[in-house]
Amino acid sequence: MPAIQRSVVVRDTLNLIAKRSNWAGKEAGVIVVFCVVFIVLVGLVALFIHKKCAARRERKGAQF
C-alpha cells in the first residue's frame, strides 16, 4: 500500500511546514487595543455624519 504511506508522509510534511501559532491568543492586549481604537473611530465617523446631516437638515428647513 505505497499510496497510503505516501499520503501519510505528505500530510505529515505539510503539517510541519504549515504549522501556525495562535498569535491573537498570545497577544490578547493588542487585540483589545485594536478593538477599542476601532470602536472610537466608528464613533467619530458616526458623529461627523450626524453633524453633516443635521446641518443639511437645518439648511433645508431655512430655505422653505
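These legends walk you through several views of a predicted model.

**View 1. The whole chain is built from helices.** The chain has 3 helices and 0 strands. Follow the sequence from start to end and you will meet the pattern α-α-α.

**View 2. Confidence varies from helix to helix.** Across the chain the mean pLDDT is 85, and 86% of the residues reach 70 or more. Helix H1, covering residues 2–17, has the lowest confidence, with a mean of 71, while H3 has the highest, at 94. Here is a handy reading rule: predicted coordinates should not be read in detail where pLDDT is low.

**View 3. The surface of the chain.** How many of the 64 residues, as a percentage, are buried? The share is 0%. The accessible surface of the chain amounts to about 6300 Å², and carbon and sulfur atoms account for 69% of that area.

**View 4. A nonpolar patch lies on the surface.** Its members are Val-32, Val-33, Val-36, Val-37, Val-40, Leu-41, Leu-44 and Leu-47, which together offer about 700 Å² of accessible area. To find your way, start at Val-32, which sits in helix H3, a stretch running over residues 28–63.

**View 5. A look at Cys-35 and Cys-53.** Are disulfides present or absent here? They are absent: searching the whole structure turns up 0 of them. As a reminder, a disulfide is a covalent bond joining the sulfur atoms of two cysteines. Cys-35 counts as partly exposed because its relative accessibility is 42%, between the limits of 20% and 50%. Cys-53 is also partly exposed, with a relative accessible area of 38%.

Technical notes
Residues are numbered from 1 along each chain as its sequence is written. This is a predicted model: local features need pLDDT of at least 70, side-chain atom pairs count only at pLDDT 80 or more; totals for chains, interfaces and linings use all residues. Side-chain values use heavy atoms; hydrogens and water are left out. A disulfide is a pair of cysteine sulfur atoms within 2.5 Å. Buried means under 20% relative accessible area, exposed over 50%, partly exposed in between (1.4 Å probe, protein chains only). Patches are made of residues with over 30% relative accessible area and no salt bridge: like charges are joined within 9 Å, nonpolar side chains (Val, Leu, Ile, Met, Phe, Trp, Tyr) within 5 Å. Accessible areas come from the Shrake-Rupley method with a 1.4 Å probe; for residues, only the protein chains shown count as cover. A salt bridge is a side-chain nitrogen of Lys or Arg within 4 Å of a carboxyl oxygen of Asp or Glu. Helices (H or I, at least four residues) and strands (E, at least two) are DSSP runs, numbered from the N terminus. pLDDT is the predictor's confidence in each residue, from 0 to 100.
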